[in-house]
Amino acid sequence: MQYIYAMMFAVDEINHRQSLLPGVRLGYRILDSCGLHPWEMEAALSLVGGDNTFCTFTPPVPLIIGGSSSKTAIILTGVLGPLSVPLMSYQSSCPCLSDKRLYPNFFRTIPSDIYQARALAQLAIDFKWTWIGAVVAENDYDFFSLQVFQEEIERSGLCMAFIRTLRRQNIVTDAREAALTIQASTVKVILVVSWYTDVRELFVQLEKINVTDRQFLATEAWSTSGDLLQHPATSRVARGVFGVAIRSSNMEGFENYIKSLHPSQRPDNEYLREYWEKVFGCTPLSSSSSPLPPCTGTESLHGVHSHVTDMSQLRVTYNVYLAVYAAAHAIHSLLSCPNTEASVTTSNCSSPQNITPAQLLEHLGTVNFTTPQGERFYFQEGDIPAKYDLVNWQKTPEGSLRLVLIGRVDGFDIDLNETAIQWNTGSSQVPVSVCTMSCEPGTRKAIRKGEPVCCFDCIPCGDGEISNKIDSLQCDRCPLEFWSNPARTSCIPRQLDFLAFNETLGITLTTVAVSGAVVTTAVFVVFLYYRQTPVVRANNSELSFLLLVSLKLCFLCSLVFIGRPSFWSCRFQQAVFGISFVLSVSCLQVKTMVVLAAFRSARPGSESLIKWFGPQQQRGSVGIFTSIQILICIIWLSLNPPLPQPDWDMIGVKVTLECAMASVLGFSLVLGYIGLLACTCLLLAFLARKLPDNFNEAKLITFSMLIFCAVWVAFVPAYVSSPGKYSVAVEIFAMLASSYGLLFCIFAPKCFIILLRPEKNTKKHLMAK
């Protein structure tokens, strides 16, 4: 009824305007198809072919406004296409009708559903709903809309969790299965693409299983349905429904036009008479054969509240209104030729008496005008630009639901008042619908095998890697000079680390080294003070003093390894280390050789052997052994010396500043030479261990060399496996341990006799067997 009178209202408006179709009056003919396809075809053919019923001829019409559904429009367009009769629909939104090759005579004043699907997809993207379910009616029309929606969201990384179909002939069973799927799923946002009657059954089934925490996205097919809004199940299940609706507009004067209608003014209008009888329960015409009593004449629609008089949502009604204006402007263009008489025979001009459907079809495609509401109207290949309302179902204090306009869609632009939305929770907080929560910075997405891309695991970035954005697909490695912070969100400069004097390990090693040097000095003083006693003199006092000096150097050289490595300290530490220990081992080796020579010379015929091991020969031997190490160090440190370099291969924010061995060969020769002398000394001392003296220094040298060799054999694997500055600590520990071993094994027994057992410090006791 409202659509019918919207058409009549528009025609009356146009006929009273002087600027549009001046001197020409529009007429119309309305037929009821009762929503049946055969009747629709019959009515359409009757309109375009003229009606000769009861010998009264009605001329054919050049244009039809109709097609209340996409299926109807497809049928009518196919029938009217060969006749070139334009069909202008106010409610057929199937994207398939946009194909001008198949439907060249089709126009519509409602946007194609492809724009609706894109708008819904854009809203899902904006609200970050990555996990969406869908319930769709089982027909090509709704499947096509869902396909467009799915393609749009998947391009932005969103996913469909499930798609359930509803069949009209099996609606109760399908709705129950869809409700159970929704209940079992973690999806919080459900898109429903179907007619409102199917949606109503779905809500009923959801209420039965008490599913009330889902957010529904609505298409224009049911987003403004008054029947759904008033249904009891809807208020519990579908609070906060959010969706698109056919755009609404205010038609000035239309409300007064509707409420001023009276059957007495239009006695031939059967629609109005039947409506009047239904509303007031009386017949308005005395000649009517209705069993109802006659009306008093005081009845009026001004006090009636019904769908016909409701002006709050002029949506499809406004589309009908626009269709009439589009037709009028096309006719106006057709009749507005410079010389109508001369142009009647041309294809693009005509006179009011000779308008043909083909001419009108040609001019429809070029209409471009401003409506009385101030809106710009034009066709794009038979379609109009996409314009929608965004609506929200909000709960009133009384507990019922009401429709609230919260935004508009104009083409690709969405104007939305987010703060005005009431979601299914009753608050303005946007619901979250994701398969997996977003990966925070510091992690990366790892797609689960066999699952949609929206379902993933968040893997923390590895050491030295970062990700500084949400849902990062990969972690980026920091440059060599940087390392990842604890949160793995940014690269921070790496800290240079080295064995410092002020840290616990450095203080401990320094204390041990200084203590060793002090003890060595004390032993030196004792030996110097008692240098005339048999114990000191019997053990080659000159080599003993030289050994003590070299041991003191061994203790002190470890201090060079502590502190920040520099160009000179890297060179100096290895040279001092190598020379000091060679000097110590050389002294022991010469001592051992002197002991062996002394006892060998005691045999008959071997008296001359001791001449080869006099004081000069001893000093010369030590000098030669030490000079070889000095030569090795000079060559090594001249050609390829160690240099201070950060060890960038280390894991962690701290990187060790170390003396990098550019030449492993040089360091190996230094250690190898020390090892060669130590092994030789051990072998000689072992051979002299059973000489018959009461006080045999060869035994002490044997024990000291065993300790020395054991320490340095254990040093190599420990040094290689120790990370960073701890490798330096291992080397210092080896130096100190071997130095203490030599000091105590060689000199502790002698100091014991000198200081605590002076009665044994005699030549007689030392020479006893």
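Buried means under 20% relative accessible area, and partly exposed covers the range from there up to 50%. The model discussed here is predicted. Its cysteines come first, then two helix pairs and one glycine.

## Disulfides

The structure contains eight disulfides. Three of them are described here.

C435 is bonded to C455. The torsion about their S-S bond is 105°, and the link is right-handed. Distant parts of the chain are joined by this pair, with the two positions 20 residues apart in numbering. C435 sits in the loop between β13 (413-416) and β14 (443-447). C455 lies in the loop between β14 and β15 (456-460). How do the two cysteines stand with respect to solvent, buried or partly exposed? C455 has 2% relative accessibility, so it counts as buried. C435 has 24%, so it counts as partly exposed.

C461 pairs with C475. Here the S-S torsion is -80°, which goes with a left-handed link. This disulfide also connects distant parts of the chain, 14 residues apart. C461 belongs to the loop between β15 and β16 (465-466), and C475 to the loop between β16 and β17 (476-477). Both C461 and C475 are buried.

The third pair is C478 with C491. Why is this disulfide left-handed? The torsion about the S-S bond of C478 and C491 is about -90°, and therefore the disulfide has that hand. C478 is placed in the loop between β17 and β18 (482-484), whereas C491 is in strand β19 (residues 491-493). The two are 13 residues apart, and the pair links distant parts of the chain. C478 is buried because its relative accessibility is 9%. C491, with a relative accessible area of 26%, is partly exposed.

The table sets out the three bonds.

| Disulfide | S to S distance | S-S torsion | Hand |
|---|---|---|---|
| C435 and C455 | 2.0 Å | 105° | right-handed |
| C461 and C475 | 2.0 Å | -80° | left-handed |
| C478 and C491 | 2.0 Å | about -90° | left-handed |

## Cysteines without a bond

Two further cysteines need a cut-off: a disulfide requires sulfur atoms within 2.5 Å. Why does C557 have no bond to C554? The sulfur of C554 is the closest cysteine sulfur to that of C557, but the distance is 5.6 Å, too far for a bond. C557 is buried, at 2% relative accessibility.

C587 is a similar case to describe. Its closest cysteine sulfur is also in C554, at 9.9 Å, so the two are too far apart for a bond. The relative accessibility of C587 is 0%, and this residue counts as buried.

## Two helix pairs

Two packed helices are described by the angle between their axes and the distance between the axes.

Helix α2 (residues 37-49) packs on helix α3 (residues 70-80) at about 40°, and their axes are 10 Å apart. That angle makes α2 oblique to α3. The crossing of α2 and α3 is right-handed. On the α2 side, the contact is made by H37, E40, M41, A44, L45 and V48. On the α3 side, the residues are K71, T72, I75, L76, V79 and L80. By class, this contact of α2 with α3 has eight nonpolar residues, two polar and two charged.

Helix α1 (residues 2-15) and helix α12 (residues 316-335) form the other pair. Their packing angle is about 35°, with 8 Å between the axes. α1 and α12 cross in a right-handed way. α1 contributes Q2, Y3, A6, M7, F9, A10, V11, E13 and I14. α12 meets them with V316, T317, V320, Y321, V324, Y325 and A328. Which classes of residue make up the contact of α1 with α12? There are 13 nonpolar residues, two polar and one charged.

## A buried glycine

G741 is part of helix α22 (residues 725-756). Its relative accessible area is 8%, so G741 is buried. What does G741 touch, not counting residues up to four places away in sequence? The contacts are S704 and I707. G741 and T592 are 149 residues apart along the chain, and their C-alpha atoms are separated by 17 Å.

Technical notes. Residues numbered from 1 in each chain as written. Predicted model: local features only at pLDDT ≥ 70, side-chain atom pairs only at ≥ 80, totals over all residues. Heavy atoms only, no water. Helix = DSSP H or I, 4+ residues; strand = E, 2+ residues; numbered from the N terminus. Buried < 20%, exposed > 50% of the residue type's maximum accessible area, 1.4 Å probe, protein only. Axes fitted to C-alpha atoms, helices over the stretch in contact; angles between N-to-C directions. Parallel < 35°, antiparallel > 145°, perpendicular 65-115°, else oblique. Left-handed = near helix turned anticlockwise from the far one by under 90°. Contact = heavy atoms within 4.5 Å. Nonpolar A, V, L, I, M, F, W, Y, C, P; charged D, E, K, R; others polar.
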